[in-house]
Amino acid sequence: MEERHVIITYRLDRATIQELCTQLEPDLMSAIRHPTGIPPQAQVLSVLHFLASGSFQTTVAIASGMSQPMFSNVLSRVLSALLKHMQSYIVFPQVEDLPTVKGDFYALEHIPNIIGAIDGTHVALFPTHRSEKVYRTGRVIIQ
């Protein structure tokens, strides 16, 4: 698979995926002891694909060659392993660093008040149209 396709499919480059597999392998090895166990690399790749695609568990499970219940177990296992290592990958700025972080982001792209980024993906947020229903605290409010 070309590197560009790897990044599109998993939102990470090949080297980062390999590093992640190596780091999570001890946490995921217990699954391989079962006769139908799935190798740690396959577990990580299927979960990364699920997270990157926003697809349904069934769709990713089929593409990964496993049943949906098996993928659900794999998903839980990989996410738990990722949580153990979360602070190696996710860093939140301290309150006293916010002015510097905002300034650095502004210097890059001239967008004010940015304090973080996730993989460079832009998500456009639009307010609802006046005629649309808005859901708040379990109640429908017509604006």
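## Close-up views of a predicted model

**View A. Phenylalanine 50 is a buried residue, with a relative accessible area of 16%.** The model shown here and in the views below is predicted. Which partner does the ring of phenylalanine 50 have in its aromatic pair? It pairs with phenylalanine 71 in an edge-to-face arrangement, with 5.4 Å from centre to centre and 65° between the planes. The pair counts as edge-to-face because the angle between the planes is over 60 degrees. Phenylalanine 50 sits in helix α3 (residues 40–53) and phenylalanine 71 in helix α5 (residues 68–84), so this pair ties together parts that lie 21 residues apart in sequence. A search of the whole structure turns up 1 aromatic pair.

**View B. Phenylalanine 71 is buried, at a relative accessible area of 0%.** With neighbours within four places in sequence set aside, phenylalanine 71 is in contact with Ser46, Val47, Phe50, Gln57, Val60, Ala61 and Met66. Phe50 in that list is the aromatic partner from the previous view.

**View C. The largest nonpolar core has 20 residues.** Which of its members touch the most others? They are Leu24, Val44 and Phe71. Two or more residues of this core come from each of the elements α1, α2 (14–32), α3, α4 (57–64) and α5. For background, nonpolar side chains in soluble globular proteins tend to be buried together. Across the chain, buried residues make up 20% of the 143 residues.

**View D. Threonine 9, in helix α1 (residues 3–10), has a close look of its own.** Is threonine 9 buried or exposed? It counts as buried, because its relative accessibility is 14% and the cut-off for buried is under 20%. A polar atom of the threonine 9 side chain lies 2.8 Å from the backbone oxygen of histidine 5. Histidine 5 and threonine 9 are good residues to look at with helix geometry in mind. An α-helix has 3.6 residues a turn, so residues three or four places apart point the same way. Beyond the neighbours within four places in sequence, threonine 9 makes contact with Met1, Leu48, His49 and Ala52.

**View E. A salt bridge joins glutamate 3 to arginine 14.** The closest N and O atoms of the two residues are 3.3 Å apart. Glutamate 3 belongs to helix α1 and arginine 14 to helix α2, so the pair ties together parts 11 residues apart in sequence. Glutamate 3 counts as partly exposed, at 32% relative accessibility, and arginine 14 is partly exposed too, at 42%. How many salt bridges are there by this rule? The count comes to 2, and the next view turns to the pair of aspartate 27 and lysine 84.

**View F. Aspartate 27 and lysine 84 meet through their side chains in a salt bridge.** The N to O distance is 3.1 Å. Aspartate 27 lies in helix α2 and lysine 84 in helix α5, so this pair ties together parts that are 57 residues apart in sequence. Aspartate 27 is partly exposed, with a relative accessible area of 24%. Lysine 84 counts as exposed, at 62% relative accessibility. For the chain as a whole, among contacts between residues at least 6 apart in sequence, 40% join residues at least 24 apart.

**View G. Helix α6 spans residues 98–109 and is followed by histidine 110 with a positive phi,.** The 12 residues of α6 reach 17 Å from the first C-alpha to the last, close to the 16 Å expected at 1.5 Å a residue. Just after α6, histidine 110 takes a phi of about 60°, a positive value in a residue other than glycine. Histidine 110 lies in the loop between α6 and β1 (133–136) and counts as exposed, at 56% relative accessibility.

**View H. Asparagine 113 also lies in the loop between α6 and β1.** What is the sign of phi at asparagine 113? It is positive, about 65°, although the residue is not a glycine. Asparagine 113 is exposed, with a relative accessible area of 59%. To place this loop in the chain, follow the elements from the N terminus: they run α-α-α-α-α-α-β-β, with 6 helices and 2 strands in the chain.

Technical notes
Residues are numbered from 1 along each chain as its sequence is written. This is a predicted model: local features need pLDDT of at least 70, side-chain atom pairs count only at pLDDT 80 or more; totals for chains, interfaces and linings use all residues. Side-chain values use heavy atoms; hydrogens and water are left out. Helices (H or I, at least four residues) and strands (E, at least two) are DSSP runs, numbered from the N terminus. The expected span of a helix is 1.5 Å times one less than its number of residues. Rings of Phe, Tyr and Trp (its six-membered ring) pair if their centres lie within 6.5 Å; planes under 30 degrees apart count as stacked, over 60 as edge-to-face and the rest as tilted. Buried means under 20% relative accessible area, exposed over 50%, partly exposed in between (1.4 Å probe, protein chains only). A polar contact is a pair of N or O atoms within 3.5 Å; within protein, one must be able to donate a hydrogen and the other to accept it, and residues adjacent in sequence count only if both atoms are side-chain atoms. Contact means heavy atoms within 4.5 Å. A nonpolar core is a set of buried Ala, Val, Leu, Ile, Met, Phe, Trp, Tyr and Cys residues joined through side-chain atoms within 4.5 Å. A salt bridge is a side-chain nitrogen of Lys or Arg within 4 Å of a carboxyl oxygen of Asp or Glu.
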